Amino acid sequence: LAQTKDPVLARRLLDRVKDLAERFIARHGRPAAIMEVCGSHTHALAETGVKDALRGAVRLISGPGCPVCVTDQAEIDAMIALAEGQGRIIATFGDMLRVPGSRGSLMKAKVEKGADVRVVYSPSDAVRIAAEHPDREVIFLGVGFETTIPILAAAVAEAEALGLRNFSLWMSTNLVEPVMRHLLESGEVRIDGFLLPGHVATVIGRQGFLFLAEEYRKPGVIAGFEVNELLSSLYLLLELLLAGRAEVLNNYPSVVREDGNPAARRLMERYFVPVDQPWREMGIIPQSGMDFREAYARFDAKRKFPVRVGKPKPTACRCGEVIRGLIEPDACPLFGRACTPEHAIGPCMVSSEGACAAHYKYLRA
Ligand code: SF4
């Protein structure tokens, strides 16, 4: 296990988790199948050694929680085509630059075609660039879940207050609840319970996950990201599973409130409404993303700069199966051979939150 402020507690927690995991196996004849619905958890479970330490005892399944990985390939292609348009400044988070499209990447557009693509730390930086370049169109690629959407809304509020006409957002956002429902209803993968995303929970609260217990009879535990927070959450989840209790527990109370952050939700709802959203290899999931309200269409890059791209070129990348929990990264024949972090073929290897990148870095045999 990784270094922790309390290694004695970590060891005790690990023993207890293993103990409950064995009781689950004895009862069901198989390990408990627990999905983490958060790219940061995928990374943390691998980096801290928790996933490795529980190999064979608990089946930890990576879910669709890495925003770059779940973005539909046609969307990625459209963003690259958008960047190639004359006179535009494209601002984005660093991970997006190397995501392969059907015909290149944003990085390739920048280096080979002279596209003005800039990495920024927040959408607000893009607003600042727009204010500094009133003669240029500045477009921020808004990719992310509920943790990011309020930040996108705040950037629009800033651009609105500054009266900017040359700032827009290309919205390609994702909501956690619809995709979790989609996974559970598809029945493609067995999931006994969920390790719930601490970051998204800061916005939607414990109450945002109650549907799991109430409608699907599945338990979930909202978890932090440190070794002992992960282990104690797995312990609580196994306890719920063994007791047959479908409940949602908040094991990250220092950060997550029962009702989350209503002010952040109000901000995102002021500018955006839920829309049907395409997900990588999952098709369109109803009401699973957010896009502009009609009243703010002037900030909508998709309306300002309509882009046409053909059907994405098929590749051998199996990222679509990885994000649905159907295969482990090393089941992809390209893993560690043709596809490595230096020469990534799919977004799950490009993104720092991607399951393939985490597996390559920490869990490779
Ligand atoms: Fe795609 Fe690479 Fe992961 Fe294979 S290893 S699924 S090619 S990202």
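Ser 288 sits in strand 11, which spans residues 283–292. The model is predicted. Is Ser 288 buried or exposed? Ser 288 counts as buried, because 24 C-beta neighbours lie inside 10 Å, and the cut-off for a buried residue is 20 or more.

Which residues does Ser 288 touch, leaving aside those up to four places away in sequence? The contacts are Asn 174, Leu 175, Pro 178, Val 179 and Gln 277. Gln 277 is 11 residues away along the chain, yet the two C-alpha atoms are separated by 5.4 Å.

**Domains**

The domain assignment gives domain 1 and domain 2, each in two stretches of chain. Domain 1 takes residues 1–63 and 352–365. Domain 2 takes 68–173 and 260–304. Their C-alpha centres lie 34 Å apart.

**The four-stranded sheet**

An open sheet holds 4 strands in the order 4-3-5-6, and the pairing is parallel. Strand 4 (116–119) and strand 6 (167–173) are the edge strands. Each has a single partner strand, so one side of each is left without a neighbour in the sheet. On average, neighbouring strands here are turned by 25 degrees against each other, direction ignored.

Strand 5 (residues 137–144) runs parallel to strand 6, joined to it by 7 bridges. Within this pair, Val 138 of strand 5 stands opposite Phe 167 of strand 6. Helix 8 (residues 149–161) lies across both strands. Its direction is at about 165 degrees to strand 6.

**Helix 17 and what covers it**

Helix 17 covers residues 355–363. Which of its residues are buried? They are Ala 355, Cys 356, Ala 357, Ala 358, His 359 and Tyr 360. Several elements help to cover these buried residues, among them the four in the table.

| Element covering helix 17 | Residues |
|---|---|
| Helix 2 | 39–47 |
| Strand 2 | 58–62 |
| Helix 15 | 319–323 |
| Helix 16 | 347–350 |

**Around the ligand**

The ligand has 14 residues around it. Cys 317, Cys 332, Cys 339, Gly 346 and Cys 356 come nearest. Helix 15 and helix 16 are the elements that give two or more residues to this shell. Both helices also help to cover the buried residues of helix 17. Cys 356 links the two topics as well: it is one of the buried residues of helix 17 and one of the residues nearest the ligand.

What is the make-up of the shell around the ligand? The residues divide into 12 nonpolar, 1 polar and 1 charged.

Notes
Residues are numbered from 1 along each chain as its sequence is written. This is a predicted model: local features need pLDDT of at least 70, side-chain atom pairs count only at pLDDT 80 or more; totals for chains, interfaces and linings use all residues. A residue is buried if 20 or more other C-beta atoms lie within 10 Å of its own, exposed if 12 or fewer, and partly exposed in between; C-beta atoms are placed from the backbone. Two residues are in contact if their C-beta atoms, placed from the backbone, lie within 7 Å. Domain bounds come from an automatic or database domain assignment. Two strands pair if DSSP finds at least two bridges between them. Axes are lines fitted to C-alpha atoms, for helices over the stretch in contact, and angles run from 0 to 180 degrees between N-to-C directions. A residue is near a molecule or strand if its C-beta atom, placed from the backbone, lies within 6 Å of it. Ala, Val, Leu, Ile, Met, Phe, Trp, Tyr, Cys and Pro count as nonpolar, Asp, Glu, Lys and Arg as charged, and the others, Gly among them, as polar.
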